[in-house]
Amino acid sequence: MWNSAINLWSRAIEMKPTSWSAYYNLGLAHQQNKEYEKAIEDLDTSLKYQSFNRQDSLIYNNRGLAKKELGRTEEAKKDFLKALEVDPKSIQALTNLGVIYFDQGNFVEAENQFKKGLQENASDPFVNYNLARTWAKMNRHKEALGIYEKLLQTTRNNPELMVDAAISYSAAGQKDKAQALLNDAARFTKDEKLKQQISDELQKLK
């Protein structure tokens, strides 16, 4: 029964069927296995046994992530907003909500959420990266590069970061830096879609 997290937490629920944390962790285990419908069911049950406190924010946030994976974007957004209603300082919920707005092309609101996240932790690399991506979409490439350059110093061999930074370098007129980063990204990535993007960006520089 202990061979997997799913078996572990399922057994815990058999022993204590009203444990919110057992259902929560079972939901996370299903989520890690990409069993998103099951994850949502477990997280729903977890909420039934949990009171209105900061733990609820974690449940809503992870339920939102599962719904996002299923393409239920508006439902996911509601869960992230609910998570923030419980815990307005949740970096996870602020960032996930910002990503929703980013994907929808609402860059002003995405920027707002990421800035709130940085108020809680100014050095969080994921929030900084998403803010830089947002500024790039808003054609604020010099501001984006201020973040990208710091991330490139601390994050090794991340081809997605390299490509995004290269796009901003190109837009800022720094073609040599853009080309060097794209060539580096091509060496580090095995993702075919990203390889094609790198090829396309290199063609633009010619």
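## The largest pocket

The largest pocket has a volume of about 270 Å³. The structure described here is a predicted model. Of the 13 residues that line this pocket, R133, K137, D164, I167 and Q197 are the closest to its centre. Four helices give two or more residues each to the lining: α8 (125–137), α9 (141–154), α10 (159–171) and α12.

In chemical character, the lining of the largest pocket comprises seven nonpolar, two polar and four charged residues.

## The second largest pocket

The second largest pocket has a volume of about 200 Å³. Its lining consists of Q31, Y36, L65, K68, E69, N96 and V99. At least two of the lining residues come from α4 (54–69), and at least two from α6 (91–103). The largest share, three residues, is supplied by α4.

By residue class, this lining divides into three nonpolar, two polar and two charged residues.

## The packing of α11 and α12

Two packed helices are described by the angle between their axes and the distance between those axes. Helix α11 (residues 175–188) packs against helix α12 (residues 192–205) at an angle of about 155 degrees, and their axes lie 10 Å apart. Because angles over 145 degrees count as roughly antiparallel, α11 is roughly antiparallel to α12. The crossing of α11 with α12 is left-handed.

On the α11 side, the contact is formed by K175, A178, Q179, L182, N183, A185 and A186; these meet I198, E201, L202 and L205 in α12. The residues of this contact divide into seven nonpolar, two polar and two charged. Helix α12 thus appears in two settings: it meets α11, and it gives two or more residues to the lining of the largest pocket.

Definitions and conventions. Residues numbered from 1 in each chain as written. Predicted model: local features only at pLDDT ≥ 70, side-chain atom pairs only at ≥ 80, totals over all residues. Heavy atoms only, no water. Axes fitted to C-alpha atoms, helices over the stretch in contact; angles between N-to-C directions. Parallel < 35°, antiparallel > 145°, perpendicular 65-115°, else oblique. Left-handed = near helix turned anticlockwise from the far one by under 90°. Contact = heavy atoms within 4.5 Å. Nonpolar A, V, L, I, M, F, W, Y, C, P; charged D, E, K, R; others polar. 1 Å grid on protein atoms, 1.4 Å probe; cavity = no way out; pocket = protein on both sides within 12 Å on 5 of 7 lines; lining within 4 Å. Points joined across faces, edges and corners; volume = space filled by probe spheres on them.
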